[in-house]
Amino acid sequence: MKKTVVKVNMNCQICKTDSLKAVTKLTGIDMVAVDDEKGTLTVVGVVDPLCIVKRLRKIGKNAEIISVGPEPPPAPKSDSVSFDIPPCCNQCQLVAVGHGLFDDGRICNIL
């Protein structure tokens, strides 16, 4: 997999839509992103960068390759949640913690 960044002249929403439609027709693409401020189109997948530029030029866009490189590794997601645990009970050494509802309706209770 590789990440290809292409500079494309996209002046309006129609230009952006046409560019996305043209590139997404290529096979081997996993993700396509547009950065309006920089005027770049980022393509991640196993696709030849020259095919991307060729496709964009075919629809009348001036396109040039900025960079081609390996896809950056995804950021590790942390599922652990830290809570402030109240001090334990002096008699039984148990800590009772109750938290609100989760999105799916469950309630978290730790005893």
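Here is a short tour of a predicted model, going from one residue to the sheet and then to the helices.

**Stop 1: threonine 40.** Select threonine 40, which belongs to strand S3, residues 40–45. Is threonine 40 buried or exposed? Its relative accessibility is 11%, and buried means under 20%, so threonine 40 counts as buried. Now show its neighbours: leaving out residues up to four places away in sequence, threonine 40 touches Val5, Val6, Lys7, Met10, Ala33, Val34 and Asp35.

**Stop 2: across to S1.** Keep lysine 7 on screen, since you've just met it: threonine 40 in S3 is its bridge partner. Then select all of strand S1, residues 2–8; S1 and S3 run antiparallel, with 6 bridges joining them.

**Stop 3: the whole sheet.** Add the other strands, and you'll have an open sheet of 4 strands, paired antiparallel in the order S2-S3-S1-S4. Which strands sit at the edges? They're S2 (29–35) and S4 (63–70), each pairing on one side only. Going from one strand to the next, the twist averages 20°.

**Stop 4: helix H1.** Select residues 13–24 to see helix H1, which packs on the sheet and touches S1, S2 and S3. Compare directions while you're here: H1 makes about 165° with S2.

**Stop 5: H1 meets H2.** Finally, add helix H2, residues 49–58, whose axis comes within 9 Å of the H1 axis and crosses it at roughly 135°. The two helices are therefore oblique to each other, and their crossing is right-handed. Show the side chains where they meet: Ser19, Ala22 and Val23 from H1, with Ile52, Arg55 and Leu56 from H2. That contact has 4 nonpolar residues, 1 polar and 1 charged.

Terms used. Residues are numbered from 1 along each chain as its sequence is written. This is a predicted model: local features need pLDDT of at least 70, side-chain atom pairs count only at pLDDT 80 or more; totals for chains, interfaces and linings use all residues. Side-chain values use heavy atoms; hydrogens and water are left out. Buried means under 20% relative accessible area, exposed over 50%, partly exposed in between (1.4 Å probe, protein chains only). Contact means heavy atoms within 4.5 Å. Two strands pair if DSSP finds at least two bridges between them. Axes are lines fitted to C-alpha atoms, for helices over the stretch in contact, and angles run from 0 to 180 degrees between N-to-C directions. Angles under 35 degrees count as roughly parallel, over 145 as roughly antiparallel, 65 to 115 as roughly perpendicular and the rest as oblique. A crossing is left-handed if the near helix is turned anticlockwise from the far one by less than a right angle, and right-handed if clockwise. Ala, Val, Leu, Ile, Met, Phe, Trp, Tyr, Cys and Pro count as nonpolar, Asp, Glu, Lys and Arg as charged, and the others, Gly among them, as polar.
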